[in-house]
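Okay, everyone, thanks for coming. Today I'd like to talk about aromatic rings and nonpolar packing, so have a look at this one.

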Amino acid sequence: MPLTSKQETGKEFEFTRHDFERVRGLIYQRAGISLADSKQEMVYSRLARRLRATGIASFATYLDGLEGGHMGGEWESFTNALTTNLTSFFREAHHFPLLAEHASRARRDKAAPFTVWCSASSTGEEPYSIAMTLCEAFGSATPPVQIVATDIDTNVLATAAAGVYPMERVDKLEPERLRRFFLKGKGAQQGMVRVRPELRNLVSFRQLNLLADGWDVKGPYDAIFCRNVMIYFDKATQRKILSRFVPLMKPDALLFAGHSENFLYVSDALRLRGKTVYELAQA
C-alpha cells in the first residue's frame, strides 16, 4: 500500500511502504541513522526535492539508481537530505563554563595545545562557540588551542567554513561577544555577520562519517563534543562509536553529550562527571 498516493493525496510522487523501508535501510547502512515510522513525511518531503533535482519520476527508480551505483555523487546528496542539523550558538549553555574550567586546568599542567574534536559540527555554531569559550578562558584571540570540527553533511560544512550567518542567528549573544568575535555586514551583506578571521582560524573543518572504517582525526583530545547525534543511532551503533572515542581521549579528557543522551548504559568505559558530561572510568 502506498504511504502517499498521488491519487489520494495529490502529492507529486507515490511513496510506498516498500520505498520507505528501502530508504531506512540505506540511510542506516550509510550513516547509522535509525529512522522511526514517524519520519515518513519528512523522508518524502526531503527526498522529493532530490527527485525533482535529478529529473527522476519515482522513488523506486531513484533508489534503484543509488543501489546500482548509477548516480555519481547522489549518495552524498541523499545523505545530506536526511541529516537533521538543528543547532545554535551556545546551545546547552551549561557545558561551556565546564569546558573553560577544564581548559584552564589542563593548561596549568601541560604546555601542549588544548585540543577539541567537535564530531557533529553542523553549520558551525557549536565549534565557534567552543572557540569563543576558549578565547575567553585564555584571554586571547589566538589561544593555544586546536579545534577539529567534522560532520557527515558537506552542505552544512560549507556554511560552517564560510562562517557567515544571518543576524538573527547571533541576536541572543552578549553585545561584547558579538563585537569581539563577529564582523557586521554592510551594503549587500547588510543583516549578516561573519566570524572574525582569528576565530575562524582556530577551527579546522572536514567531512567525516562516524560509521566509516577509518576516521580522519588524530587524538588524543582534551575534549570531545558529540551532542545530539547518538539519539539517531541504535544501541549497537552507539556502543561502537563510543568504543572508538575512548582511545582518542586523554586520561583527563571530557566527553560532552546532548541533553537527551545517556551513555552510562552503553559503555562501561565512561563515567558521569556532570550533567551530560563524561570522563574515562579508568582515568
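Let me start with a question: which residues form one aromatic cluster with Phe13? Phe15, Phe20, Tyr44 and Phe59 are the ones that join Phe13 there. Keep in mind that this is a predicted model.

Now, aromatic pairs. The structure holds 18 of them. Take Phe90 and Phe96: that pair is edge-to-face, at 5.0 Å centre to centre with 70° between the planes. Both of those Phe residues are buried. And Phe90 has company, with Arg177 over its face, 4.0 Å from the ring centre.

Here's another one, Tyr128 and Tyr165. The ring centres are 6.5 Å apart and the planes sit at 85°, so we call it edge-to-face. Tyr128 is in helix α7, Tyr165 is in strand β5, so this pair ties together parts 37 residues apart in sequence. Tyr128 is buried at 0% relative accessible area, and Tyr165 is buried too, at 2%.

On to the packing. The largest nonpolar core has 52 residues, and Phe78, Trp117, Phe245 and Leu255 have the most contacts inside it. Elements giving two or more residues to this core include α2, α5, β9 and β10, but α3 gives the most, with six. Apart from this core there's another, of 37 residues, with Ile130, Leu134, Leu173 and Phe181 among them.

Let's zoom in on Phe245. Beyond its neighbours within four places in sequence, Phe245 is in contact with residues including Trp117, Trp215, Met230 and Leu255. Trp215, in turn, has Arg244 lying over its face, 4.0 Å from the ring centre.

Key. Residues are numbered from 1 along each chain as its sequence is written. This is a predicted model: local features need pLDDT of at least 70, side-chain atom pairs count only at pLDDT 80 or more; totals for chains, interfaces and linings use all residues. Side-chain values use heavy atoms; hydrogens and water are left out. A nonpolar core is a set of buried Ala, Val, Leu, Ile, Met, Phe, Trp, Tyr and Cys residues joined through side-chain atoms within 4.5 Å. Buried means under 20% relative accessible area, exposed over 50%, partly exposed in between (1.4 Å probe, protein chains only). Helices (H or I, at least four residues) and strands (E, at least two) are DSSP runs, numbered from the N terminus. Contact means heavy atoms within 4.5 Å. Rings of Phe, Tyr and Trp (its six-membered ring) pair if their centres lie within 6.5 Å; planes under 30 degrees apart count as stacked, over 60 as edge-to-face and the rest as tilted. A charge sits over a ring if NZ of Lys or CZ of Arg is within 6 Å of the ring centre and within 35 degrees of the ring normal.
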